[in-house]
Structures are given as structure tokens and as C-alpha cells.
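Me: I would like to go through this protein step by step, with the sequence and the structure in view. Could you take my questions one at a time and show how you reach each answer?

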Amino acid sequence: MATKKPVNPTLPTLIPRMPDGGDSVVLERRAQKIEPPQMYQVAMLNDDYTPMEFVVAVIQEFFSKDREAATQIMLKIHLDGKGICGVYSRDVAATKVDQVLDAAKQAGHPLQCVSEPIE
């Protein structure tokens with residue numbers, strides 16, 4: 001039974017060799033252009049049944065607004081039919097919408113909340 005002497009693998013010819021004969025390779029760093037994530041605005045919609053105080057409380061609790069800012073947003077919702085409560089990444093905006101809808105459902109109010117991409 002004859003066996004051949006093992007052959008050491010050679011590096012591909014595309015890899016440049018270092019001047020000292022080593023097999024190390026240094027690659028140039030290229031700057032990657034990464035775009036920021038798409039942002040979404042969370043908006044509450046007006047209805048004629050949800051109490052204004054409940055809307056203010058929800059805005060304070062889930063959007064970390066003080067009473068004055070929450071009242072201003074509530075008035076915008078009441079007068080214009082829709083008010084922006086905050087701007088977040090997609091996952092955070094979806095979570096905020098779910099929290100508001102769950103709180104409204106538990107309290108028995110038809111309050112609606114949506115997230116919309118910002119263009």
C-alpha cells in the first residue's frame with residue numbers, strides 16, 4: 001500500500017503576499033452608508049364618546065407628556081380630528097398603539113390610535 005506525501009494547501013493567487021513573505025492580508029476599510037430607520041408618527045383619532053380626561057391621562061401615561069402638553073394634544077385631536085402624540089421607530093410606534101388600544105378597550109372607550117410612516 002503506497003501513500004502519497006501530504007501536500008500543503010496553497011493560498012489563492014488573488015491574495016497579495018506581504019513583502020516579508022508572510023501570509024497576512026490587510027484590507028482597506030470602506031465607509032458604509034447606512035440610512036436611518038423609517039420613523040412613524042403615532043396619532044389618536046377623535047370620537048364623540050371618549051372623555052377628554054381619559055385621553056389626557058392616556059397621553060400622559062404612554063407618551064410621557066406633562067399635563068399641559070397632553071391637554072394641548074387632546075385639544076388638537078378634538079378640534080382637528082387627529083393629533084400626533086409622538087414619533088418613533090416602527091416597533092416602538094406599534095407598541096404604543098397597542099398600549100393605547102388596550103387601555104381604551106379595558107376602560108370601555110372606542111378611542112382609536114394609529115401609526116403612520118413619516119415621508
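Me: What percentage of the 119 residues in the protein is buried?
Reply: Please keep in mind that this is a predicted model, and that a residue is called buried when its relative accessible area is under 20%. With that cut-off, the buried part of the 119 residues in the protein comes to 24%.

Me: In what order do the helices and strands of the protein run from the N terminus on?
Reply: The protein holds three helices and three strands, and these can be read off one after another along the chain. From the N terminus on, the elements run β-α-α-β-α-β.

Me: Which strands are the edge strands of the sheet?
Reply: The three strands form an open sheet with antiparallel pairing, in the order 2-1-3. An edge strand here pairs on one side only, and this holds for strand 2, residues 82-89, and for strand 3, residues 112-117. Neighbouring strands of this sheet are turned against each other by 25° on average, direction ignored. The edge strands are therefore, by pairing on one side only under the rule that pairing needs at least two bridges, strand 2 and strand 3.

Me: Which residue of strand 2 stands opposite Gln 41?
Reply: Strand 1 covers residues 39-45 and pairs with strand 2 in the antiparallel sense, over seven bridges. Opposite Gln 41, in strand 2, stands Val 87.

Me: At about what angle to strand 2 does helix 2 run?
Reply: Helix 1, residues 52-63, lies across strand 1 and strand 2 and runs at about 160° to strand 1. Helix 2, residues 67-80, also lies across strand 1 and strand 2. The angle of helix 2 to strand 2 is about 125°.

Me: How many residues in the contact of helix 1 with helix 3 are nonpolar?
Reply: Helix 1 packs with helix 3, residues 90-107, at an angle of about 145°, the axes being 11 Å apart, and the crossing is right-handed. From helix 1 the contact takes Phe 54, Val 58, Phe 62 and Phe 63, while helix 3 gives Lys 96, Gln 99, Val 100, Ala 103, Ala 104 and Ala 107. When these residues are divided by kind, one is charged, one is polar, and the number of nonpolar ones is eight.

Me: What share of the exposed area of the protein do carbon and sulfur atoms supply?
Reply: The area that the protein exposes is about 9500 Å². Of this area, the share supplied by carbon and sulfur atoms is 54%.

Technical notes. Residues numbered from 1 in each chain as written. Predicted model: local features only at pLDDT ≥ 70, side-chain atom pairs only at ≥ 80, totals over all residues. Heavy atoms only, no water. Helix = DSSP H or I, 4+ residues; strand = E, 2+ residues; numbered from the N terminus. Axes fitted to C-alpha atoms, helices over the stretch in contact; angles between N-to-C directions. Contact = heavy atoms within 4.5 Å. Buried < 20%, exposed > 50% of the residue type's maximum accessible area, 1.4 Å probe, protein only. Areas by Shrake-Rupley, 256 points an atom, 1.4 Å probe, with all protein chains shown as cover. Left-handed = near helix turned anticlockwise from the far one by under 90°. Nonpolar A, V, L, I, M, F, W, Y, C, P; charged D, E, K, R; others polar.
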